[in-house]
Amino acid sequence: MTLSPAGPEHQVQTGDRTAPSVALRRRLGPDPAGRGRPAQRRGSGLPAPGRGLGSTGLAAAGDPSPRVRRPRRRQYYGCGLVIPECLENCWILDLGSGSGRDCYALSQLVGEKGHVTGIDMTEGQVEVAKKYMNYHMEKYGFRAPNVTFIYGYIEKLGEAGIKNESYDIVISNCVINLVPDKQRVLQEVYRVLKHGGELYFSDVYASLELPEEIRTHKILWGDCRFVSATFRLFKLPMTGPTERCQVTYNGGITGHEKGLVFDANFTFKKGETVEVDEETAAILKNSRFAQDFLIRPIGEKLPTRGGCTALQAKDIITDPFQLAEESDHMKSRCPPDAAGGCCDTKKCCKNYN
């Protein structure tokens, strides 16, 4: 599991502090309720994924919402930015699409050959989202709509007509926490994702597992800390690379030509060789990112740009609250004008942009 900080423009509240927005990377099996059932995350009610669906951190993506019509932006209830990289020609499913804001932003990024489907349990929201379809298609210069809005429940995607392995990416923005049966949501997502596909979702989490008497107590409820985090989960083969690898990013992702902030643990600069853990290696090899990385076993010499390499094992951060605390610690150690560049994980580095 891995997390990643967003850029400085994305902030979250953690108790009485503000910390950089974070994302988490995990693995999820096709049957969370079966063998090897994952444990519950602290307080959130969201299951910690098991094997099969790998994951990674928040992408540093620009917000295309200014091109989304203003009423869609006013009726927005998300808690993060659910726009990953490499979207061209992708088929995307939005769980709890609401008034369609994220769907319309994504529809521009996937292009005319891609498609975005939004599903929501509120018929009124579905109808509101549909009202602005012609406006956005004309705004983007598309000859035909590449967005569909349907009524249904995100834990019952089959009943809404969503077929097996039909989407490249599934997104959700602060909706899964509202569903009582979160295990069922993850099972359905696993079913509808293509192999190598990704679940990319933002949601809110509590620092404690709260009993019902605390949840309904106005004063005691305030003692719990909350954080907004973005999970990236990839549907991977049940068997894959079991060893750490060294990878080199080729700079081929549009908008991330100089470097890719993959998660809290890994920022890949173009031409720089980086040692990654087993799960990250499996994700890069089996997902839509495969064509953008040269992946080789540890120890094999790789050409670099003439810069430095980062072939050093590192501890993987897995908890958004830990990341928030470490971010505060780094801020206290780093001077505002700290120089960037290559350094080991124990030194203070300026974030790569």
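**A buried strand, its partners and the aromatic rings**

All 5 of the 5 residues of strand β12 (residues 245-249) are buried, so this strand is largely enclosed by the rest of the structure. Buried here means under 20% relative accessible area, exposed means over 50%, and partly exposed lies in between (1.4 Å probe, protein chains only). Strands (E, at least two residues) and helices (H or I, at least four) are DSSP runs, numbered from the N terminus. The model is predicted: local features need pLDDT of at least 70, side-chain atom pairs count only at pLDDT 80 or more, and totals for chains, interfaces and linings use all residues. Residues are numbered from 1 along each chain as its sequence is written, and side-chain values use heavy atoms, with hydrogens and water left out.

Both faces of β12 are covered, with Cys245, Val247 and Tyr249 buried on one side and Gln246 and Thr248 buried on the other. Two strands are said to pair if DSSP finds at least two bridges between them. β12 pairs with strand β15 (residues 273-276) in the antiparallel sense over 4 bridges, and Thr248 stands opposite Thr273 in β15. β12 and β16 also run antiparallel, joined by 5 bridges; here Cys245 stands opposite Pro297.

Strand β16 also takes part in an aromatic contact. Rings of Phe, Tyr and Trp (its six-membered ring) pair if their centres lie within 6.5 Å; planes under 30 degrees apart count as stacked, over 60 as edge-to-face and the rest as tilted. The whole structure holds 12 aromatic pairs. One of them, Phe268 with Phe293, is edge-to-face, at 5.0 Å centre to centre and 80 degrees between the planes. Because Phe268 lies in strand β14 (residues 267-269) and Phe293 in strand β16 (residues 293-297), the pair ties together parts that are 25 residues apart in sequence. Phe268 is buried at 0% relative accessible area, and Phe293 is buried at 8%. Ring pairs link these two residues with Phe234, Tyr249, Phe262, Phe266 and Phe289 into a cluster.

Charged side chains also meet rings. A charge sits over a ring if NZ of Lys or CZ of Arg is within 6 Å of the ring centre and within 35 degrees of the ring normal. Lys235 lies over the face of Tyr190 at 4.5 Å from the ring centre, and Lys156 over that of Tyr153 at 5.8 Å.

Two loop residues other than glycine have positive phi values. Glu165, with phi near 45 degrees, lies between β8 (147-151) and β9 (167-173) and is partly exposed at 41% relative accessible area. Cys174, with phi of about 60 degrees, is found between β9 and α5 (182-192) and is buried at 17%.
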